[in-house]
Amino acid sequence: MGCRVRAAKSDLLRLVAVEGVLVPDHRGRLPGRGAYLHPDPACLELAERRRAFPRALRLAGPLDAGPIRSGIGLR
């Protein structure tokens, strides 16, 4: 999503929006539309800068990426 590089699904992290917060879905079982991202801080920053999460998840407004940021090593 952020860097637009194709990769195998197993190499990507699935993200789901739960009440306006992006949550990692490691098992791929959470309900709702998911977006895939490389588990890399640079890819996350690029996706946030491009405002890709609301578009990919088809939601309006900004989403909080705090849990994702702490999960892949960003603050």
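**Exercise 1. Placing Asp25**

Where is the place of Asp25: in which loop, between which strands?

Solution. The model is a predicted one. Step 1: find the strands on either side. Strand S2 covers 21-24 and strand S3 covers 34-37. Step 2: place the residue. Asp25 sits in the loop between S2 and S3. Step 3: check the exposure. The relative accessible area of Asp25 is 6%. The cut-off for buried is under 20%, so Asp25 is buried. Step 4: look for polar partners of the side chain. A polar atom of the Asp25 side chain is 3.0 Å from the backbone nitrogen of Gly28. Step 5: list the contacts beyond four places in sequence. Asp25 is in contact with Arg14, Val16 and Leu30.

**Exercise 2. Following Arg14**

Determine where Arg14 is found and which backbone oxygens lie by polar atoms of its side chain.

Solution. Step 1: assign the element. Arg14 belongs to strand S1, residues 13-18. Step 2: test for burial. Arg14 has a relative accessible area of 13%. That value falls under 20%, so Arg14 counts as buried. Step 3: take the backbone oxygens in turn. The oxygen of Leu30 is 3.3 Å from a polar atom of the Arg14 side chain. For the oxygen of Gly32, the distance to a polar atom of that side chain is 3.0 Å. Step 4: widen the view to contacts, leaving aside neighbours within four places in sequence. Arg14 is in contact with a list of residues that includes Val23, Pro24, Asp25 and Gly28. Leu30, Gly32, Arg33 and Gly34 are also among them. So are Ala35 and Tyr36.

**Exercise 3. Two buried strand residues**

Compare the settings of Val16 and Leu22: which strand holds each, and which residues do they touch?

Solution. Step 1: start with Val16. Val16 is in strand S1. Its relative accessible area is 1%, so Val16 is buried. Step 2: read its contacts, not counting residues up to four places away. Val16 touches Val21, Leu22, Val23 and Asp25, among others. The list also includes Leu30, Pro31, Arg33 and Gly34. Step 3: turn to Leu22. Leu22 is in strand S2. Its relative accessible area is 0%, so Leu22 is buried. Step 4: read the contacts of Leu22 outside four places in sequence. Among them are Leu15, Val16 and Ala17. Further along the chain, they include Phe53, Leu57, Leu63, Asp64, Ala65, Pro67 and Ile68. Step 5: check one pair by C-alpha distance. Leu22 and Ala65 are 43 residues apart along the chain, and their C-alpha atoms are separated by 5.2 Å. Step 6: set a second pair beside that one. Val16 and Gly61 are 45 residues apart in sequence and 15 Å apart in space, C-alpha to C-alpha.

**Exercise 4. Exposed residues and positive phi**

Examine Arg4, Glu19 and Lys9: where does each lie, and is each buried or exposed?

Solution. Step 1: recall the background. Most residues other than glycine have a negative phi. Step 2: take Arg4. Its phi is near 65 degrees, a positive value. Arg4 lies in the segment before S1. With a relative accessible area of 64%, Arg4 is exposed. Step 3: take Glu19. Its phi is near 55 degrees, also positive. Glu19 is in the loop between S1 and S2. With a relative accessible area of 79%, Glu19 is exposed. Step 4: take Lys9. Lys9 lies in the segment before S1. Its relative accessible area is 60%, so Lys9 is exposed. Lys9 and His38 are 29 residues apart in sequence, and their C-alpha atoms are 9.7 Å apart.

**Exercise 5. The whole chain**

Describe the protein chain by its elements, dimensions, surface and charges.

Solution. Step 1: count the elements. The chain has 3 helices and 3 strands. Their pattern along the sequence is β-β-β-α-α-α. Step 2: judge compactness. The radius of gyration is 11 Å, close to the 11 Å of the globule rule for 75 residues, so the chain is as compact as a globular protein of that length. Step 3: add the extents. The C-alpha trace spans about 25 × 25 × 20 Å along its principal axes. Step 4: assess burial and contacts. Of the 75 residues, 31% count as buried. Among contacts between residues at least 6 apart in sequence, 56% join residues at least 24 apart. Step 5: describe the surface. The accessible surface comes to about 5,000 Å², and 51% of it belongs to carbon and sulfur atoms. Step 6: locate the charges. The mean positions of the 14 positive and 7 negative charges are 7 Å apart.

Notes: Residues are numbered from 1 along each chain as its sequence is written. This is a predicted model: local features need pLDDT of at least 70, side-chain atom pairs count only at pLDDT 80 or more; totals for chains, interfaces and linings use all residues. Side-chain values use heavy atoms; hydrogens and water are left out. Helices (H or I, at least four residues) and strands (E, at least two) are DSSP runs, numbered from the N terminus. Buried means under 20% relative accessible area, exposed over 50%, partly exposed in between (1.4 Å probe, protein chains only). A polar contact is a pair of N or O atoms within 3.5 Å; within protein, one must be able to donate a hydrogen and the other to accept it, and residues adjacent in sequence count only if both atoms are side-chain atoms. Contact means heavy atoms within 4.5 Å. The radius of gyration is taken over C-alpha atoms; the globule rule is 2.2 Å times the number of residues to the power 0.38. Accessible areas come from the Shrake-Rupley method with a 1.4 Å probe; for residues, only the protein chains shown count as cover. Lys and Arg count as positive and Asp and Glu as negative; His and the chain ends are not counted. The place of a charge is taken as NZ of Lys, CZ of Arg, CG of Asp or CD of Glu.
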